[in-house]
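Subject: A structure to look at, with notes

Hello,

Here is the structure I promised to hand over, and below it you will find my notes on what turned up in it. Please keep the display open while you read, so that you can look up each residue as it is mentioned.

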Amino acid sequence: MKLSEFQTAVTEEFGAGYGGVVVGDLVLTSLGSRTAREALAAGVRPREVWLALCEATDVPEERRHGAGRPVPGETRTPRQL
């Protein structure tokens, strides 16, 4: 998972506003008691951070894998958190 795919997955799952809160404020004990933003800045792979967020927020299993990946033929504009 690329960082851009992580950002897309967060926005699609939580929405732009709440996604920013989840990434910046939710402390993830599984990632050393860091926020997702802190973990990413420390070099933790985006996929690992995404799965930790999913676990902490009870995202259903069927929405965890493949999230954020572009759909063939679909054009997207980058979204920022």
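Of the 81 residues in the protein, 35% are buried, and please bear in mind throughout that this is a predicted model. The accessible surface comes to about 4900 Å², and carbon and sulfur atoms account for 51% of that surface. The secondary structure consists of 4 helices and 2 strands, which follow one another along the sequence in the pattern α-α-β-β-α-α. If we take the contacts between residues at least 6 apart in sequence, 52% of them join residues that are at least 24 apart.

Let me begin with the helices at the two ends of that pattern. Helix H1 covers residues 3-14, and its end C-alpha atoms are 16 Å apart, which agrees with the 16 Å that its 12 residues should span at 1.5 Å a residue. The buried residues of H1 are Glu5, Phe6, Gln7, Thr8, Ala9, Val10, Thr11 and Phe14, and what covers them includes H2, H3 and H4. Just after H1 comes Gly15, whose phi is positive, at about 90°.

Helix H4 takes in residues 46-57; with 12 residues, H4 reaches 16 Å from its first C-alpha to its last, close to the 16 Å expected at 1.5 Å a residue. In H4 the buried residues are Pro46, Val49, Trp50, Ala52, Leu53 and Cys54, and these pack against H1, helix H2 (16-25), strand S1 (27-28) and helix H3 (36-41). An α-helix has 3.6 residues a turn, so residues three or four places apart point the same way. With that in mind, you may like to follow Val49, Trp50 and Leu53, which are among the buried residues of H4, around the helix in the display. After H4 comes Asp58, which has a positive phi near 60°.

The next topic is the nonpolar core. In soluble globular proteins, nonpolar side chains tend to be buried together. The largest nonpolar core here has 18 residues, and those that touch the most other members are Phe6, Val10, Leu31, Ala36, Val49, Trp50 and Leu53. H1, H2, H3 and H4 each supply at least two residues of this core, while H4 gives the most, with 5 residues. As an example of a core residue, consider Ala36, which, leaving aside its neighbours within four places in sequence, is in contact with Phe6, Val23, Leu26, Leu28, Val49 and Leu53.

Now for the charged residues: how many salt bridges does a search of the whole structure find? The search finds 3. In one of them, Arg63 pairs with Glu13, the closest N and O atoms being 2.7 Å apart. Because Arg63 lies in the segment after H4 and Glu13 lies in H1, this pair ties together parts that are 50 residues apart in sequence. Arg63 counts as partly exposed, at 41% relative accessibility, and Glu13 is also partly exposed, at 21%.

Arg64, which is likewise placed in the segment after H4, forms a salt bridge with Glu55, the closest N and O atoms being 3.2 Å apart. The side chain of Arg64 also meets that of Glu61 in a salt bridge, at 3.8 Å from N to O, so that Glu55, Glu61 and Arg64 are linked in a network of salt bridges. Is Arg64 itself buried or exposed? Its relative accessible area is 12%, and because buried means under 20%, Arg64 counts as buried. Glu61, by contrast, is partly exposed, at 48% relative accessibility. Leaving aside neighbours within four places in sequence, Arg64 is in contact with Arg47, Trp50, Leu51, Cys54, Glu55, Asp58 and Val59.

One of those contacts deserves a closer look, namely Cys54, which lies in H4 and counts as buried because its relative accessibility is 0%. Beyond its neighbours within four places in sequence, Cys54 is in contact with Val59 and Arg64. Cys54 and Glu13 are 41 residues apart in sequence, and their C-alpha atoms are 9.4 Å apart in space.

With best wishes

Definitions and conventions. Residues numbered from 1 in each chain as written. Predicted model: local features only at pLDDT ≥ 70, side-chain atom pairs only at ≥ 80, totals over all residues. Heavy atoms only, no water. Buried < 20%, exposed > 50% of the residue type's maximum accessible area, 1.4 Å probe, protein only. Contact = heavy atoms within 4.5 Å. Salt bridge = Lys/Arg side-chain N within 4 Å of Asp/Glu carboxyl O. Expected span 1.5 Å × (residues − 1). Core = buried A, V, L, I, M, F, W, Y, C linked by side-chain atoms within 4.5 Å. Areas by Shrake-Rupley, 256 points an atom, 1.4 Å probe, with all protein chains shown as cover.
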